[in-house]
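Reader: Hey, I'm new to this one. Can you walk me through a few spots?
Author: Sure, let's pull it up.

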Amino acid sequence: MALNSPSDISLLALFGGTFDPIHYGHLRPVEKLAKETELKQVILVPNNVPPHRPQPEASALQRLKMVELAIEGNPLFTIDSRELSVQKPSYTIETLETLRKEHGAQRPLAFIIGQDSLLSLYKWHRWEELLNFCHLLVMARPGYAERLDTPELQGWYNRHRVTEPSKLQQRAHGYIYQANTPLLDISATEIRQRRHEGKSCANLVPAAVEHYIDSQGLYLV
């Protein structure tokens with residue numbers, strides 16, 4: 001694919017998740033990450049059938065609607081709902097393969113993960129191939145170790161890690177960048193539990209998302 005304009009070579013990042021529900025622990029660190037790495041666009045990719053965790057409580061359409069409400073008016077974020085239309089486990093590597101074909105070999109692509117996902121990355125489907133398609137942008141998470149489980153995994157991380165965000169723009173894939181993002185101790189599990197207990201989720205999710213959760217009667221049982 002030919003590069004026709006400056007926008008074609010800017011770093012494009014993906015951020016996947018079940019978003020059950022989407023919350024500030026997703027949004028605010030990514031916004032900080034975008035400033036740190038000069039990201040102009042982050043594509044949120046809601047999962048349909050996550051291979052490594054229980055099925056979501058909210059339906060695919062409800063989770064998509066919550067993501068739409070959460071990012072309304074924020075030009076940083078867009079949504080790619082392709083995984084929601086596939087009734088099989090969503091594997092990151094397969095989505096990245098498709099996006100790489102769509103954006104061409106030279107476009108810098110990145111996939112955003114948390115420190116918790118980095119530590120368990122070796123359990124992912126075809127994880128060794130991820131850096132053939134994208135960079136990894138790692139956000140800190142409260143309470144998680146900073147080193148990987150084995151010397152071999154740590155060596156892989158050290159070989160690919162870069163500390164200068166500008167390098168992410170200079171190659172299409174292959175780097176790992178550890179971002180200096182805020183440690184927000186918010187989880188979708190906590191939000192669902194608070195709903196089960198009849199507690200407020202104000203300040204944990206955007207107001208429009210909280211209103212939608214209430215209107216749909218989500219996470220009450």
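**Backbone oddities and a buried acid**

Author: Arg126 sits in the loop between α4 (115–119) and β5 (135–139); helices (H or I, at least four residues) and strands (E, at least two) are DSSP runs, numbered from the N terminus. This is a predicted model, where local features need pLDDT of at least 70, side-chain atom pairs count only at pLDDT 80 or more, and totals for chains, interfaces and linings use all residues. Residues are numbered from 1 along each chain as its sequence is written, and side-chain values use heavy atoms, with hydrogens and water left out.

Reader: OK, what's the phi of Arg126?
Author: About 55°, a positive value although Arg126 is not a glycine.

Reader: Is Arg126 buried or exposed?
Author: Partly exposed, at 26% relative accessibility. Buried means under 20% relative accessible area, exposed over 50%, and partly exposed in between (1.4 Å probe, protein chains only).

Reader: And Phe19, where is that?
Author: Phe19 is in the loop between β1 and α1. Its phi is near 50°, positive in a residue other than glycine, and Phe19 is buried, with a relative accessible area of 1%.

Reader: Which peptide bond is cis?
Author: The one from Asp20 to Pro21, with omega near 5°. Pro21 lies in the loop between β1 (12–17) and α1 (24–37).

Reader: New topic: where's Glu210?
Author: In helix α7 (residues 207–216). Glu210 is buried yet has no salt bridge, meaning a side-chain nitrogen of Lys or Arg within 4 Å of a carboxyl oxygen of Asp or Glu.

Reader: What does the side chain of Glu210 reach, then?
Author: The backbone nitrogen of Ala202, at 3.3 Å.

Key:
Lys, Arg positive; Asp, Glu negative; His and termini not counted. Polar contact = N/O pair within 3.5 Å; in protein donor to acceptor, adjacent residues only side chain to side chain.
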